[in-house]
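Student: I am new to this structure. Please take me through one part of it closely, the aromatic pairing, and show me how it fits into the rest.

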Amino acid sequence: MKTSKKLLWLSLLVAYCAAPAVSFAAKCSGTNINNLVSWEPTEISKGTTLAIMRITSVTVSDDPSAAYHLISGECIGQFLTSPDGKTLASGSCARRNKDGDVLNEEWVATDGIGNKGTWKLSGGTGKFANAKGTAQWEFSQLQGKMAAVRWVGNCQ
């Protein structure tokens, strides 16, 4: 009986100590509303194009109490398209909240055309200094120069 109680208390202690580390990672999801500012393609050679993109962006979290809800800023990206039609795309974003704290993000397209990919949070300033997380995203063209990027992941 004593061994069972000790094992129970030890299990509870281990769970208690492990819980804070697990609780920092939280499911997060939302939509970035983007407006294209510039798209500058350059044909490097026949069939090979390098394009530089700049957008303004607002993050709308599915959780309105999230620290990153309604932060806004800019993103830049590069798109290298090869003669076989495949595209390598990556970039970064910096968005600021109403207090002036900045959240940094790095993104990569994973589908070969630039419509789906992953992003990771890479810190920032103020309350975002230690921000970490990853997500999957998918691009949807809206009217004109507007686009929505839906994302789901884990944020800290």
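Tutor: Start with the overall layout. This is a predicted model. Its secondary structure comes to one helix and eight strands. Along the sequence, the pattern reads α-β-β-β-β-β-β-β-β. The protein has 156 residues, and 29% of them are buried.

Now the aromatic rings. Searching the whole structure turns up five aromatic pairs. One of them joins tryptophan 107 and tryptophan 137. The ring centres are 6.1 Å apart, and the planes meet at 85°. That angle makes the pair edge-to-face, because planes over 60 degrees apart count as such. The pair links distant parts of the chain. Tryptophan 107 sits in strand β5 (residues 102–109), while tryptophan 137 sits in strand β7 (residues 132–141). They are 30 residues apart.

Are these two buried or exposed? Tryptophan 107 has a relative accessibility of 9%, so it counts as buried. Tryptophan 137 is buried too, with a relative accessible area of 9%.

The pairing goes further. Trp39, Phe79, Trp107 and Trp137 are linked by ring pairs into a cluster.

Next, the core. The largest nonpolar core holds 23 residues. Those touching the most other members are Tyr68, Leu103, Trp107, Trp119, Trp137 and Trp151. Several strands give two or more residues to this core: β2 (48–61), β3 (71–81), β4 (87–96), β5, β6 (116–124), β7 and β8 (146–155).

Finish with tyrosine 68. Beyond its neighbours within four places in sequence, tyrosine 68 is in contact with Cys28, Thr59, Ser61, Leu103, Phe128, Trp151 and Cys155.

How values were computed
Residues numbered from 1 in each chain as written. Predicted model: local features only at pLDDT ≥ 70, side-chain atom pairs only at ≥ 80, totals over all residues. Heavy atoms only, no water. Phe/Tyr/Trp six-rings, centres within 6.5 Å; stacked < 30°, edge-to-face > 60°. Helix = DSSP H or I, 4+ residues; strand = E, 2+ residues; numbered from the N terminus. Buried < 20%, exposed > 50% of the residue type's maximum accessible area, 1.4 Å probe, protein only. Core = buried A, V, L, I, M, F, W, Y, C linked by side-chain atoms within 4.5 Å. Contact = heavy atoms within 4.5 Å.
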